[in-house]
Amino acid sequence: MRIVIDLQSGEDQAALALACDLAAECGAAHQLIVAISNRQPSAINAVRLALTGLLPREQVRVYDLPADDSGSGAHWRSQAAALIRAQFLASLAPDELLLAEALPDVASARELLEQLAQQDAPAPATPQARPRLAYISPLPPEHSGIADYSAELVPQLAQYYDIELIVDQAVVLDARLSDYTPRDLAWFEQNAHRFERLVYHFGNSHMHRHMFELIRRHPGIVVLHDFFVSGILDNLEREGALAHGFLKALYESHGYSGLLEHRKNGRNPAIWAYPLNKGVLDNASGVIVHSDFSKQLARDWYGPDAADGWRTVPLLRGKGAQAPTRDAARARLKLKDADYLVCSFGMLGPIKLNEELLDAFLASKLAADPHCKLVFVGQNEGGRYGAAMNQKIAASGAAKRITITGFATPDTYADYLAACDCAVQLRSATRGETSAAVLDCLLYGAPTIVNAHGSSAAIDAALLLKLPDQFTTPELSAALEQLHADAGLRASYAQHAQAYMQAEHTPGHVGRLYAEAIEQFTLHGAHGHYRALLAALGSIPGPAEPTDADLADAAQAIAFNQPPRAPRQLLVDVSAVVHSDLKTGIQRVVRSVLLALIASPPAGYRVEPVYSLGGNRSYHYARQFGLGMVGETGLALEDAPVELRPGDIFLGLDLFTNGIAQNEGLLQSMREHGVAIYFVVFDILPMLRPEVFPFGTEQYFGDFLRTVSKVADGLLCISRAVADELITWIGQQQFERKAPLQVGYFHLGADIDASAPSFGLPDNAAQVFAAVRARPSFLMVGTVEPRKGHTQALAAFELLWEQGAQLNLVIVGKQGWMVDKLVERMASHPEKDVRLFWLPGVSDEMLLQLYASSAALLAPSEGEGFGLPLIEAAQHHIPIIARELPVFREVAGEHAHYFEGKAPADLAASIEAWLALKAAGTAPGSDGMSWLTWSDSAQQVVSAVVGQRWYRVL
């Protein structure tokens with residue numbers, strides 16, 4: 001049971017107490033949703049805090065109402081608010097709705113649940129009048145199973161509706177539809193508004209080509225025959241009927257993850273890998289499927305809530321008055337009484353496993369029996385597969401008893417169903433369809449063998465003989481022999497199958513279930529409530545018309561209150577990279593983690609990079625940036641404002657200090673409305689070492705830290721050392737915060753190849769590498785700034801050079817701040833381009849070659865968030881000389897040579913000591929040092945923000 005309790009303002013303590021008690025009592029038997037309006041922001045946090053640990057965040061639903069009811073136009077706004085509230089609550093589809101202003105008089109939540117459990121569920125409704133229904137489907141004579149199915153279904157629905165057939169075909173020829181005048185698409189476009197019900201039948205074939213754009217203009221109930229529609233969308237794109245239709249649907253359905261795989265693996269693997277059906281599902285006012293397998297596919301692809309509200313209606317199968325008898329059918333097929341007929345129904349092809357059936361038949365005892373025949377009732381595949389089937393049949397000793405019929409008319413198809421002694425229906429690579437052929441076999445009582453694949457896996461084993469999904473040839477041969485030898489078993493399967501089909505799949509029964517589903521969606525679905533709300537808002541009586549501002553305010557509230565669409569969004573903030581990609585270490589992390597999240601998104605989430613315009617304005621989708629990340633040049637998408645939904649996650653991955661501080665109000669509102677807010681903290685060095693940063697950094701960075709500590713649900717640091725520093729710093733502040741703050745950490749990845757690497761070598765590359773090979777070279781990697789230790793390092797090497805040491809110092813990194821004197825010194829240094837090399841802007845390709853050629857990495861930094869160069873050095877098996885810092889110990893452990901002291905002599909002595917250890921063969925090596933890929937790193941992020949695994953709770 002789904003129970004909704006609306007606290008409205010959140011100020012009713014009795015209602016809040018009941019909500020808390022219900023949350024504790026409901027357990028797995030009931031779903032509780034607590035609703036609260038946006039009019040009392042302070043109460044929202046109090047409600048969320050009270051329900052923390054009792055309800056998931058997304059089950060505390062904030063709904064928006066128009067502005068306050070006072071002042072001019074108050075009457076319209078008050079009426080509108082009441083209607084919007086009612087529509088929102090109805091859209092939650094409650095089995096029981098409790099209002100704060102009218103709570104039941106019960107002693108406890110347990111007593112209330114007991115009372116509710118005793119209430120009878122409302123009976124499903126069929127229409128009392130005869131609403132007009134537009135039926136949009138291919139129809140006979142189109143060679144389509146869905147066309148034949150519709151010809152059988154329409155007369156059943158006609159008992160409840162006045163039906164118009166909407167088609168995109170020249171003629172409709174079927175006696176069952178002779179009473180209907182087919183209407184073309186142009187007529188429908190002009191008359192769609194006249195229909196109270198619209199039903200679309202969607203499949204993965206060219207006969208549904210017109211529906212993909214039609215449903216966007218005219219939403220309706222969708223009967224989803226195939227879960228995958230990727231094949232037809234590919235065809236429509238190739239034909240030019242839908243410009244970029246496949247790519248647009250790939251992004252719409254599967255985001256950048258689908259586009260990335262498409263770029264890597266090509267079109268055909270993408271067709272088989274991805275359903276591409278979100279454009280259909282998101283515009284559906286309800287979804288009808290024929291098996292729960294399709295619902296499971298929706299959950300697998302789009303998250304656990306994706307199929308909520310879908311209705312399963314059995315696939316209609318009826319023999320009709322002219323169904324052939326077994327004797328008559330066998331006579332027409334020229335079968336003898338002793339003949340044992342094995343049939344497989346449907347078009348042939350690799351996914352139907354026809355060759356596997358042929359092999360099993362030839363390997364079984366049936367192949368040697370002159371009375372046993374194998375018939376494939378359907379059109380042969382027209383390429384290599386079909387040719388190979390023909391060749392194998394011709395080469396076999398049973399060739400005269402094995403037949404492929406070619407296209408079978410309905411009468412021929414029915415004759416084989418009635419005549420066969422055994423049917424075999426195999427499948428691989430399901431597209432989410434329910435096999436009509438399997439049900440036809442059961443309808444006619446044909447003992448049937450299937451493999452447990454797709455929807456067939458859920459069929460009761462009492463109805464047919466079920467093999468494993470991945471069966472072997474001997475297993476199928478044994479099943480064929482078992483049914484052939486056991487007439488009693490065949491009779492048992494036939495009896496159970498026909499009884500089941502009579503109970504579940506008869507036309508009258510299925511027609512009634514269709515009508516019940518159509519009425520449920522129309523009267524109680526979100527689309528129905530939405531249309532009713534708009535009609536009601538347009539009919540509000542009053543002394544004054546609403547202003548444009550009133551209408552805009554109401555529209556914004558209505559838009560936010562719409563039910564969230566699956567999957568949820570993982571909104572990754574990349575603002576700094578979008579506005580100005582300086583290609584710093586932080587921005588390399590941003591690109592690398594984002595790309596890894598796109599390549600392997602958390603289950604039930606869609607990864608969307610976003611960016612801020614600042615000033616508490618809405619975040620925007622960074623679609624152009626995202627397309628560039630995955631290398632997709634064939635699409636042009638708008639950077640539209642983000643559509644926030646309860647259950648979404650916002651991850652502040654980029655370091656966008658001023659913008660985040662400006663957006664405090666926006667972020668707080670997002671959190672109040674059910675979006676989980678997390679930020680990555682790379683370090684807090686401006687607060688710990690303000691003297692090594694430009695003037696003002698401490699202030700704006702402090703504003704950033706204070707903002708994220710206030711508005712976030714969790715802060716994720718890039719090392720445990722930074723997490724410990726952050727926890728200490730937060731403990732020293734005076735924050736006003738009631739909810740817990742999670743603090744965690746993850747480690748950075750180190751596979752440069754996965755971070756969108758740059759390529760190219762500078763003009764002096766040959767000179768640099770010649771010098772690096774000529775004498776031991778010590779490599780420093782990182783922006784040249786005061787805390788990185790470049791000044792100490794240069795002075796230390798000057799001491800070593802004075803002593804005659806033949807060593808190189810190679811510095812890779814752009815010029816940062818407060819280092820003008822150091823830069824001038826390096827630019828005019830007598831050892832410049834001799835034993836001192838500063839490379840301020842090299843590519844990743846150049847850096848990798850420098851790592852491979854250097855004697856050791858030198859890391860004299862006085863403060864770091866992580867220390868990625870240490871790991872990159874270990875990947876290239878070069879030793880590490882590092883300052884004694886907690887974070888360097890965390891990263892490198894015992895795989896580095898550490899030094900202390902800030903004087904040039906301290907570092908020079910440490911380098912001499914390391915050289916002595918190296919000469920003796922006892923210097924610590926970096927081999928064996930553990931490190932992560934960017935994929936590993938991204939999964940640690942997911943583990944925290946999705947899996948809720950944290951280091952500390954403050």
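Reader: Let's start with leucine 850: leaving aside its neighbours within four places in sequence, which residues is it in contact with?

Author: In this predicted model, leucine 850 touches Val768, Phe769, Val772, Leu779, Val810, Val812 and Leu839, once its neighbours within four places in sequence are set aside. Leu850 is also among the residues with the most contacts inside the largest nonpolar core, together with Phe188 and Tyr200. That core has 121 residues. Apart from it lies another core of 59 residues, including Leu133, Leu417, Ile459 and Leu513.

Reader: What about leucine 848: in which helix does it lie?

Author: Leucine 848 belongs to helix H34, which covers residues 844-853. A general idea helps when you look at a helix: an α-helix has 3.6 residues a turn, so residues three or four places apart point the same way. As for cover, leucine 848 counts as partly exposed because its relative accessibility is 25%, and partly exposed means between 20% and 50%. You can also compare sequence and space here: leucine 848 and threonine 657 are 191 residues apart in sequence and 31 Å apart from C-alpha to C-alpha.

Reader: How many helices and strands does the protein chain have?

Author: There are 38 helices and 30 strands in the protein chain. Its C-alpha atoms fill a box of roughly 110 × 85 × 55 Å along the principal axes. Of its 954 residues, 54% count as buried. Looking at contacts with a separation of 6 or more, 75% are between residues 24 or more positions apart.

Reader: And what does the chain show on its outside?

Author: It exposes about 39,700 Å², with carbon and sulfur atoms supplying 52% of that area. For charges, the chain has 77 positive and 106 negative ones, and their mean positions are 4 Å apart.

Reader: How do I read a sheet, and in what order do the strands of the 8-strand open sheet come?

Author: The general idea is that strands of a sheet pair through backbone hydrogen bonds, either parallel or antiparallel. Here the order is E19-E18-E17-E20-E21-E22-E23-E30, with mixed pairing. Strand E19 (620-621) and strand E30 (952-953) stand at the edges; each has a single partner strand, so one side of each is left without a neighbour in the sheet. Further in, strands E17 (residues 568-573) and E20 (residues 649-652) run parallel and are joined by 3 bridges. One pair to find by eye is valine 572 with its bridge partner in E20, leucine 651.

Reader: Which backbone features should I look for in the loops?

Author: Start from the usual case: most residues other than glycine have a negative phi, and most peptide bonds are trans. Now for some cases that depart from it. Proline 140 and proline 141 are joined by a cis peptide bond, with omega about 15 degrees. Proline 141 sits in the loop between strand E5 (132-136) and helix H5 (145-157). Another cis peptide bond joins alanine 566 and proline 567, where omega is about 0 degrees. Proline 567 is in the loop between helix H22 (548-561) and E17.

Reader: Where do I find histidine 244 and alanine 429?

Author: Histidine 244 is in the loop between helix H8 (230-239) and helix H9 (245-265). It is not a glycine, yet its phi is positive, about 55 degrees. Histidine 244 counts as partly exposed because its relative accessibility is 38%. Alanine 429 lies in the loop between strand E14 (422-425) and helix H17 (436-443), and its phi is also positive, near 50 degrees. With 31% relative accessibility, alanine 429 counts as partly exposed.

Reader: Is helix H17 mostly covered or mostly open, and what lies over its buried residues?

Author: H17 is mostly covered, with 7 of its 8 residues buried. They are Ala437, Val438, Leu439, Asp440, Cys441, Leu442 and Leu443. Their cover includes strand E11 (340-345), helix H16 (410-419), E14, strand E15 (448-451) and helix H19 (487-504). After H17 comes glycine 445, whose phi is positive, near 75 degrees.

Reader: One more residue, please: is glutamate 831 buried or exposed?

Author: Glutamate 831 counts as buried because its relative accessibility is 15%, and buried means under 20%. Its place is in the loop between helix H33 (820-827) and strand E26 (836-839). Leaving aside neighbours within four places in sequence, glutamate 831 is in contact with Trp801 and Leu836.

Technical notes
Residues are numbered from 1 along each chain as its sequence is written. This is a predicted model: local features need pLDDT of at least 70, side-chain atom pairs count only at pLDDT 80 or more; totals for chains, interfaces and linings use all residues. Side-chain values use heavy atoms; hydrogens and water are left out. A nonpolar core is a set of buried Ala, Val, Leu, Ile, Met, Phe, Trp, Tyr and Cys residues joined through side-chain atoms within 4.5 Å. Buried means under 20% relative accessible area, exposed over 50%, partly exposed in between (1.4 Å probe, protein chains only). Contact means heavy atoms within 4.5 Å. Helices (H or I, at least four residues) and strands (E, at least two) are DSSP runs, numbered from the N terminus. Accessible areas come from the Shrake-Rupley method with a 1.4 Å probe; for residues, only the protein chains shown count as cover. Lys and Arg count as positive and Asp and Glu as negative; His and the chain ends are not counted. The place of a charge is taken as NZ of Lys, CZ of Arg, CG of Asp or CD of Glu. Two strands pair if DSSP finds at least two bridges between them.
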